[in-house]
Amino acid sequence: MLGHVGHNELRLRPVARFPNLPVRTIDGLHWDILDLYRNVLAGLHSAVREEPGLRSAAVDSWAVDYALLSGQRMLGNPFHYRDERTAAGVESIHALVSHAELYAGNGLQFLPFNTLYQLAAERQAGGLDGADTMLLIPDLLGFWLTGERVAERTNASTTGLLAVSTGHGHGHGSGHGSGHGSGHGDWDDALIARLGLPRSIFPRLVDPGSRIGSLLPGVAHELGAVSRLDLVAVGSHDTASAVVAVPMRDENAAYISSGTWSLVGVELNSPVLSEESRAANFTNEGGVDGRVRYLRNVMGLWLLSESMRSWDLEGIAFELPFLLAQAAQVTGPVTVFDVDDPAFLAPGDMPARIREHCAAHGLAAPATPVDLVRSIIESLATKYASTLRAASELSGTSIRTVHIVGGGSQNELLCQLTANLTGLPVLAGPVEATAIGNVLIQARAQGLAHGSLEALRTLVAQAYSPRHYEPHA
């Protein structure tokens, strides 16, 4: 995405799109990281060709996954967080440290694929032997582009190996700084040692807005970069960047970053580490400017995309807009199921698994593809509503408005049902919130935008008018 930022100006346009398809080999499910990097270079080349005076670039991606390096060499393709190997890692970690103790230290909800569980599985398989560096996916791409090994703090907070900070940091409306404020601190050396992980593989931490370095000469030559191009750290966990671009006007707003996953929560200045919060499986992840993203991961539109893929493999061609339009017309009873059942995590025949889930829980299985789509959307909206109620109670936030950003903000049925089931107005958009948040933090680092997150969000609200959905009975 190519961004233009200036005084009261914020524009984005795509310069390259490409698929990100995992690959299953004999040893498990992997990301095709070399193909992704090749496409990153091609996209940067297009961007430089269109804008020779490009000031900077930045990378964001999904969280938790990583590559191991020995010197400059990558030791195998990164595993995909949906790979089944993580179960053994969970068992070995919890034999050493209970989840309650982990939560007090890192503030993270239990997800079986968090990096510390993956690294435990890696250690058991001998995968850490010979490794001298672990780089999360955006940091790996940054290393290939600049030769600099760093760990961006918001994404590192999702590893489970960063100490959550309980001090009071940046207040709403404050200026920005490079300090990490009240979100997360440094690598938790004591925990890393207790888990038997090598401390030496974890690189130095940097904050969003930091300059990582210039493109390596060979990379710059390949891209045709005519001027020095800096790589800048942003909220490299895509949700951290997306939350920057949520056009929230006050502290009583909640957000749902709705895509493959749905991240449902509120922005706070300090973490919530109560036993009730842990039991409700809420997470305290690092945000930009030391904010805390207090949220729960909800399974998300993965249920829908994987259903579409399953039908496609069966040779049944459906157009999603048609299915959604038909689903909006359903007037009979709709089956609502628990979208967070772990059975839905792995790739596979999603419609069959939803039917099996319904049978096992005494629910009427959706009879047709249209019924299934309506059931998925209604179940997601139901989970959004219950998660927001819990976020409000656990954090003491009185929620008056819900912002939906990301791909799900285009789903009119999902937005309207969320308004109905929460009883709150929903403001939908922008769709490309992650890219917008990424660009805004770069722009602020370059002196092209100024002020707090609230000031940046005002710019977003001016540039991208959200669509309003009022609750109906």
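Strands β1, residues 2–6, and β2 pair in the antiparallel sense, over five bridges. This is a predicted model, so please hear everything that follows as a description of a prediction. Within that pair, G6 stands opposite E9 in β2. The two strands make a hairpin with two residues between them, and N8 takes a positive phi near 55° there.

Which residues of β2 sit on its covered face, and which on its uncovered one? Strand β2 covers residues 9–13; L10 and L12 are on the covered face, while E9, R11 and R13 are on the uncovered face. As background, side chains in a regular strand alternate between the two faces of the sheet.

There is another hairpin, made by β17 and β18, with five residues between the strands. In its turn, D289 has a positive phi of about 60°. Four bridges join β17 to β18, residues 292–298, and the two run antiparallel. E285 stands opposite R293 in β18. Are the residues of β17 buried or exposed? On β17, residues 283–286, T283 and E285 point one way, N284 and G286 point the other way, and all of them are buried.

Next, the sheets with helices on them. One is an open sheet of three strands in the order β7-β6-β8, with antiparallel pairing. Its edge strands are β7, at 73–74, and β8, at 133–136, each pairing on one side only. Strand β6, residues 66–70, is joined to β8 by four bridges, and these strands run antiparallel. To give one position, the bridge partner of L69 is T133 in β8.

Two helices lie across this sheet. Helix α4, residues 115–124, lies across β6 and β8, and runs at about 45° to β6. Helix α5, residues 137–146, lies across β6, β7 and β8, at about 110° to β8. Keep α5 in mind, since this helix comes back twice.

The other open sheet also has three strands, in the order β5-β14-β13, and its pairing is mixed. Why is one side of β5 and of β13 left without a neighbour in the sheet? β5, at 56–57, and β13, at 211–214, stand at the edges and each has a single partner strand, so one side of each has no neighbour in the sheet. α5 packs on this sheet as well, touching β13 and β14, and its direction makes about 35° with that of β13. β5 and β14 are joined by two bridges and run parallel. Here the bridge partner of A57 is L231 in β14.

Last, the cavities. A search of the whole structure finds three of 30 Å³ or more. I will take the second largest, which has a volume of about 80 Å³. Its lining is made up of 13 residues, and those nearest the centre are V59, P138, D139, I212 and S236.

Which element gives the most to that lining? Helix α5 does, with three residues. Both α5 and β14, at 230–232, supply at least two residues each. By class, the lining of the second largest cavity has nine nonpolar residues, two polar and two charged.

To put the α5 part together: this helix lies across β6, β7 and β8, touches β13 and β14 of the other sheet, and contributes three residues to the lining of the second largest cavity. That is where I stop.

Note on methods: Residues numbered from 1 in each chain as written. Predicted model: local features only at pLDDT ≥ 70, side-chain atom pairs only at ≥ 80, totals over all residues. Heavy atoms only, no water. Pairing = 2+ DSSP bridges. Contact = heavy atoms within 4.5 Å. Axes fitted to C-alpha atoms, helices over the stretch in contact; angles between N-to-C directions. 1 Å grid on protein atoms, 1.4 Å probe; cavity = no way out; pocket = protein on both sides within 12 Å on 5 of 7 lines; lining within 4 Å. Points joined across faces, edges and corners; volume = space filled by probe spheres on them. Nonpolar A, V, L, I, M, F, W, Y, C, P; charged D, E, K, R; others polar. Buried < 20%, exposed > 50% of the residue type's maximum accessible area, 1.4 Å probe, protein only.
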